[in-house]
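This report walks through one protein chain, from its strand pairing to its core and its charged pairs. Please keep the sequence and the model in view while reading.

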Amino acid sequence: MKLLNPYFRQSPSSLNNNRTGHHNSERGFTLMELIVVMVLVGIMVGLVGIGFSRALPGAKFRSMVRDISSMLRYAKNNAQIRGRETTVTIDIDNHRVWVTKKKILTLPEDIGIRIKDPFEGEIDSGSYQVIFYPEGASSGAEIILTRKATSYSITVDPLTGSSTNKTYE
């Protein structure tokens with residue numbers, strides 16, 4: 001009794017006959033079929049690359065918003081742990097944000113920065129400081145970052161010093 005390979009419809013001996021040309025049934029792909037498949041795969045890879053290149057600036061923008069929120073949380077925690085005020089400086093004109101001079105975050109030029117101060121109103125030039133106090137409170141502010149049609153708002157609560165992010169599209 002011959003055992004048949006479950007993946008083939010024919011016995012292994014009949015496959016050998018196909019290789020020697022005893023049967024007219026052909027197996028495999030033609031060169032034209034392989035070229036067509038390769039062209040289609042190339043087009044699909046190209047379209048995926050275009051999609052990623054369009055999504056990348058938006059991802060970088062969201063990353064910048066998270067970095068600024070992280071700096072604000074760091075400043076709040078630092079003020080509470082060390083028992084002294086910690087300041088986050090936002091240089092609107094030069095597109096920079098920092099807690100210490102060693103950790104400066106530079107924002108791209110295409111990102112607009114505005115600040116809503118609880119006492120002074122809207123600020124769109126110069127530099128601004130958000131101060132965190134040892135008790136956990138802060139001077140409070142709303143930092144608005146805009147790129148094209150998307151805006152993010154980072155609100156620093158004056159009572160708790162915590163920050164929250166919101167998206168406006």
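## Strand 1 against strand 6

T87 stands opposite I131 in strand 6. The model is predicted: local features need pLDDT of at least 70, side-chain atom pairs count only at pLDDT 80 or more, and totals for chains, interfaces and linings use all residues. Residues are numbered from 1 along each chain as its sequence is written, and side-chain values use heavy atoms, with hydrogens and water left out.

Another pairing is that of I90, whose bridge partner in strand 6 is Y128. Strand 1 (residues 86-91) and strand 6 run antiparallel and are joined by six bridges. Strands count as paired if DSSP finds at least two bridges between them. Strands themselves are DSSP runs of E with at least two residues, helices are runs of H or I with at least four, and both are numbered from the N terminus.

## The open sheet

Which order do the strands of the open sheet of four take? The order is 3-2-1-6, and the pairing is antiparallel. Strand 3 and strand 6 are the edge strands, each pairing on one side only. From one strand to the next, the twist averages 15°. Angles run from 0 to 180 degrees between N-to-C directions, with axes taken as lines fitted to C-alpha atoms, for helices over the stretch in contact.

Strand 6 (residues 127-132) has two distinct faces. Y128, V130 and F132 point to one face and are buried. S127, Q129 and I131 point to the other and are not buried. Buried means under 20% relative accessible area, exposed means over 50%, and partly exposed lies in between (1.4 Å probe, protein chains only).

## The chain as a whole

The chain has two helices and nine strands. From the N terminus on, the elements run α-α-β-β-β-β-β-β-β-β-β. Both helices therefore precede the strands in this order.

Of the 169 residues in the chain, 31% are buried. The accessible surface comes to about 11,900 Å², and carbon and sulfur atoms hold 57% of that surface. Areas come from the Shrake-Rupley method with a 1.4 Å probe; for residues, only the protein chains shown count as cover. Among contacts with a separation of 6 or more, 48% join residues 24 or more positions apart. Contact means heavy atoms within 4.5 Å.

## The nonpolar core

In soluble globular proteins, nonpolar side chains tend to be buried together. Here the largest nonpolar core has 28 residues. Such a core is a set of buried Ala, Val, Leu, Ile, Met, Phe, Trp, Tyr and Cys residues joined through side-chain atoms within 4.5 Å. I115 and L145 touch the most other members. Two or more residues each come from helix 2 (31-82), strand 1, strand 4, strand 6, strand 7 and strand 8 (150-156). Helix 2 gives the largest share, eight residues.

What does I115 touch beyond its neighbours within four places in sequence? Its contacts are I90, I92, G121, E122, I123, Y128, A141, E142 and I143. Two of these, I90 and Y128, are also the bridge partners in strands 1 and 6.

## Two salt bridges

Side chains of opposite charge can pair when their charged atoms come close. The structure holds two salt bridges. A salt bridge is a side-chain nitrogen of Lys or Arg within 4 Å of a carboxyl oxygen of Asp or Glu.

R147 and D110 form one of them, at 3.2 Å from N to O. R147 lies in strand 7 (residues 141-147) and D110 in the loop between strand 3 (104-106) and strand 4 (112-117), so the pair ties together parts 37 residues apart in sequence. R147 is buried at 14% relative accessible area, while D110 is partly exposed at 43%.

R114 and E122 form a salt bridge at 3.1 Å, N to O. R114 is partly exposed at 29%, and E122 is partly exposed at 46%. E122 lies in strand 5 (residues 121-123). Not counting residues up to four places away in sequence, E122 touches R114, I115 and K116. E122 and I143 are 21 residues apart in sequence and 9.9 Å apart in space, C-alpha to C-alpha.

## Positive phi in two loops

H95 is not a glycine, yet its phi is positive, about 55°. H95 sits in the loop between strand 1 and strand 2 (96-98), and is buried at 10% relative accessible area. K148 also has a positive phi of about 55° without being a glycine. K148 lies in the loop between strand 7 and strand 8, and is exposed at 71%.
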